Amino acid sequence: MDSGGFVTARDRQDESECSKRQKCSQGEEDRISNLPDFIIGHILTFLCFKDAIRTSVLSQRWIYMWTYITKLGLDDGVYQINKTTFINFVCRMLLHLNASNINEFHLILEEKYDPYIIGQLISLVSNKKIKVISLRSINECSISCYPIFKCQSLEKLELAMGHSIIQFPSFVCLSSLTALYLVAIRNPMKITCYSSNQSKELTLKFPVLRDYISCDCIWLDVKRVTIDAPLLEKVIIDRQWDYSSNVSHAEIEIRASYVTNYYYRSYVSSETTLLDAAHVAEASISLSDDSKVNMSGQELKIFVRKLFNINNLKGLILQV
């Protein structure tokens, strides 16, 4: 406090404490700013992408720190901009990222986009040694998965699409994939092979796959699908949509001898699922009534028997 133009002892004490606080604050800022780029990028990963970019105004040191983030999550419904601007924004972000390895990429689309453009985005991501890819689209978003299935660093793949057609190569081998989720949104998701695949057969090899989930997915114009996953532990196949207009005649063989949890809920259909599992500890089968499919008791028994071949089953729940 200033008393009659003189500086009191109290004033000097207040100034001293203020000076200490400023030095302390500057010291904390310096310690953070002096961290290696990849550590700052890891810290920024815990922020939403918009907030991570906003840190570029803190100082000259922070202008490009956001480019070192290792997890990228984008939602076109959040940015409230037109489709062209959003796609250009995403492309620029991917091109500017300095991180050689992006751990996770999550993309949520509410608008309908050109499949070619989405394919280009997937290619950009796949080239960065990605570990997790999650694509969600409410509207139709037909894409080719060829760039994804070239990414040997991929550990988790989630495709959640609505009324879309997903193209698979005839042969896929992902050596690091541990979780595969194929989920339809609002409408069934159709999975097909390239037109050049005359045999209409797909072979999917996942040496370390642990979880496989398929919800309301149709294997369209495919004769046979072989999923070779020797370490697979959990299988969930759930179909609740009426497939009368998109009948699948595919035979799906899951080669996995160590499945411990098997859940199957579907209409009785012409699609056949074969599971070679000798160590299933828990299994649940729920068959919904479909008036368009008339099966005798014997045919129904054969259908259930084809679902899997189990030698030692501790618990089975069968509901028709």
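This is a short talk on a predicted model of one protein, from its overall makeup down to a few residues.

Okay, hi everyone. Let's begin with the whole chain. The protein has 320 residues, and 43% of them count as buried. Its secondary structure comes to seven helices and 21 strands, so there will be a fair bit of strand talk today. As for contacts, take the ones with a separation of 6 or more: 62% of those are between residues 24 or more positions apart.

Now, how confident is the predictor? The mean pLDDT is 78, and 72% of the residues reach 70 or more. Over residues 310-315, though, the pLDDT is below 50, and that stretch has 15 contacts in the model beyond near neighbours in sequence. At the other end, residues 1-7 also stay under 50, with seven contacts beyond four places in sequence. A word of caution here: where pLDDT is low, the predicted coordinates should not be read in detail.

Next, an annotation. An unreviewed UniProt entry marks residues 32-64 as "domain: F-box". What does the chain look like over residues 32-64 in the model? There we get 48% helix and 0% strand, and the C-alpha atoms at the two ends are 15 Å apart.

On to the strands. Quick reminder: strands of a sheet pair through backbone hydrogen bonds, either parallel or antiparallel. Find strand S13, residues 211-215, on your screen. Is S13 mostly covered or mostly uncovered? It's mostly covered, with four of its five residues buried. Which strands pair with S13? One is S10, residues 179-184, which runs parallel to S13 over five bridges. If you want a spot to zoom in on, Tyr181 stands opposite Ile213 of S13. Another is S16, residues 234-238, again parallel and again joined to S13 by five bridges. There, look for Ser214, whose bridge partner in S16 is Ile237.

There's also an open sheet of four strands, in the order S6-S8-S11-S14, with parallel pairing. Its edge strands are S6 (143-144) and S14 (217-219), and each of those pairs on one side only. Inside that order, S8 (residues 165-168) and S11 (residues 189-193) pair in parallel over four bridges. Gln167 is a handy landmark, as it stands opposite Thr192 in S11.

Let's pick out a single residue: Thr226, in strand S15, residues 224-228. Why does Thr226 count as buried? Because its relative accessibility is 8%, and the cut-off for buried is under 20%. So who does Thr226 touch, leaving aside neighbours within four places in sequence? The contacts are Leu202, Thr203, Leu204, Glu253 and Arg255.

Last stop, empty space. Rolling a probe the size of a water molecule over the atoms shows where empty space is left. How many cavities of 30 Å³ or more does a search of the whole structure find? It finds one, and the largest cavity has a volume of about 30 Å³. The lining of the largest cavity is made of Leu107, Leu109, Ile118, Leu135, Arg136, Ser137, Cys141 and Met161. The elements giving two or more residues to that lining are strand S4 (104-109) and strand S5 (132-137). S5 gives the most, with three residues.

That's my tour. Try finding Thr226 in strand S15 for yourselves, then look for its contacts, including Leu202 and Arg255. Thanks!

How values were computed
Residues are numbered from 1 along each chain as its sequence is written. This is a predicted model: local features need pLDDT of at least 70, side-chain atom pairs count only at pLDDT 80 or more; totals for chains, interfaces and linings use all residues. Side-chain values use heavy atoms; hydrogens and water are left out. Buried means under 20% relative accessible area, exposed over 50%, partly exposed in between (1.4 Å probe, protein chains only). Two strands pair if DSSP finds at least two bridges between them. Contact means heavy atoms within 4.5 Å. pLDDT is the predictor's confidence in each residue, from 0 to 100. UniProt positions are given in the numbering used here, feature names are shortened, and annotations may be inferred rather than shown by experiment. On a 1 Å grid over the protein atoms alone, a cavity is a set of points where a 1.4 Å probe fits but cannot get out, and a pocket is an open set with protein on both sides within 12 Å along at least five of seven lines; lining residues have an atom within 4 Å of a point. Grid points are joined across faces, edges and corners, and a volume is the space filled by probe spheres set on the points.
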